[in-house]
Amino acid sequence: MILSKPILLSAVQPSGNLTIGNYIGTMRHWSKMQNNYECLYCIADLHALTIQKNKIHLNKSILDTISFYLSCGVDPQKSIIFIQSHVYQHSQLNWILNCFSQFSELLRMTQFKIKSNCSKKINAALFNYPILMAADILLYQTNFVPVGQDQKQHVELTRNIAHRFNSLYGHVFTLPKPLITQHGSKIMSLLEPNKKMSKSDINKKNVIFLLDDIKTVISKIQNAYTDSETPSKIYYDIEKKPGISNLLEILSAITNKDIDILLKELEGMLYSEFKNIVADHLSKFLYKLQKSYNDYRNDEVYLKKIAYEGAMKSQLKSDKTLTKVYDKLGLIPLF
Ligand code: AQP
């Protein structure tokens with residue numbers, strides 16, 4: 001008997017240039033995960049519409065994101081890479097799950113509170129987007145969802161919606177679990193280390209973008225906020241030293257070294273020396289990543305072929321769940 005692997009789904013919104021936060025929080029784990037899970041990696045373009053309204057930017061960002069998936073080591077022979085809008089089942093299940101979600105639970109979503117605070121014009125999709133995310137996950141009978149800390153609440157909401165549906169109709173959806181690493185699950189802004197690093201931040205100095213040139217990376221790290229403790233000492237303490245702790249998280253993820261080990265190596269150093277080390281490792285890492293990214297990005301025919309094949313496979317998988325849902329609800333599937 002061949003035992004099937006657990007199913008894992010992860011996604012990134014092509015809502016702008018990807019950040020080192022997106023990479024450290026999720027994408028850096030994807031390549032290894034392919035060996036232990038049946039992986040689906042989605043480009044969540046419908047989600048991006050909540051923010052991104054520029055046709056040219058969105059189009060570019062979708063292809064950029066596929067290129068990054070590949071350059072992070074996702075192998076289309078082992079995993080499915082697909083664009084959300086190519087698989088209509090997501091929107092269909094989204095509507096159905098809207099009918100099983102409560103207004104009050106959506107109001108509690110921290111991401112919505114943060115995003116709606118920053119803007120006077122809030123679209124309804126921003127409010128409803130956790131339900132589309134639930135549809136993304138539940139369509140594939142997903143067991144695990146690797147996410148950054150900010151998305152944990154949405155995975156919990158997904159479990160609640162699935163549980164509610166299952167209680168009414170019997171077992172239809174697998175209840176997914178978030179996969180969150182102890183370190184690197186919330187990379188903070190460089191100048192405001194009490195705020196999550198985000199690709200849509202208007203202050204670009206807060207963010208290391210995966211496509212930043214090396215000079216920019218060095219300058220952003222050198223200007224990153226630290227603290228005025230005297231004498232200066234490098235140690236990990238999110239409350240007292242959010243800036244230094246954030247740089248330690250970044251360095252640890254990029255070098256694959258535990259923070260405890262790094263702290264021994266950094267003992268007695270000045271903040272400026274520490275920053276130089278972070279900037280040096282980050283620059284080398286990004287240089288390599290960008291080289292691989294550029295090779296993929298220059299071949300749009302290949303990128304579109306991967307997206308097409310991914311869509312075909314995802315449609316087949318997701319349709320099984322949608323058909324089951326239709327059946328349970330009393331909807332009639334197409335003969
Ligand atoms: N700063 C972060 N630290 C760790 N993980 C992060 N993620 C995002 N920012 C960080 C994780 O990256 C994955 C993809 O995120 P997303 O694009 O789906 O949406 P997001 O969480 O809203 O990311 P951004 O960068 O903040 O985008 P915008 O500015 O467009 O809203 C997720 O697993 C997320 O947890």
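Q: What describes the packing of helix α10 and helix α12?
A: In this predicted model, α10 (residues 242–255) and α12 (residues 271–297) pack at an angle of about 35°, and their axes lie 10 Å apart. The crossing of α10 past α12 is left-handed.

Q: Which residues make the contact between α10 and α12?
A: On the α10 side they are Ile 244, Leu 247, Leu 248, Ile 250, Leu 251, Ile 254 and Thr 255. On the α12 side they are Tyr 271, Phe 274, Lys 275, Ile 277, Val 278, His 281, Leu 282 and Phe 285. By class, twelve are nonpolar, two polar and one charged.

Q: Why is the pair formed by Ser 200 and the ligand called a polar contact?
A: A polar contact is a pair of N or O atoms within 3.5 Å. An N or O atom in the side chain of Ser 200 is 2.4 Å from an oxygen atom of the ligand, so the pair meets that cut-off. Ser 15 also places a polar side-chain atom 2.7 Å from a ligand oxygen atom, while a polar backbone atom of Ile 187 is 2.8 Å from a ligand nitrogen atom.

Q: How much of the ligand does the protein bury?
A: The ligand taken alone exposes 640 Å², of which the protein buries 98%. The ligand is surrounded by 24 residues, with Lys 115 and Asp 150 among the closest.

Q: What makes Gln 141 and the bond between Thr 230 and Pro 231 noteworthy?
A: Most residues other than glycine have a negative phi, and most peptide bonds are trans. Gln 141, in the loop between α7 and β4, has a positive phi near 55°. The bond joining Thr 230 and Pro 231 is cis, with omega about -10°; Pro 231 lies in the loop between α9 and α10.

Key:
Residues numbered from 1 in each chain as written. Predicted model: local features only at pLDDT ≥ 70, side-chain atom pairs only at ≥ 80, totals over all residues. Heavy atoms only, no water. Axes fitted to C-alpha atoms, helices over the stretch in contact; angles between N-to-C directions. Helix = DSSP H or I, 4+ residues; strand = E, 2+ residues; numbered from the N terminus. Left-handed = near helix turned anticlockwise from the far one by under 90°. Contact = heavy atoms within 4.5 Å. Nonpolar A, V, L, I, M, F, W, Y, C, P; charged D, E, K, R; others polar. Near = heavy atom within 4 Å. Polar contact = N/O pair within 3.5 Å; in protein donor to acceptor, adjacent residues only side chain to side chain. Areas by Shrake-Rupley, 256 points an atom, 1.4 Å probe, with all protein chains shown as cover.
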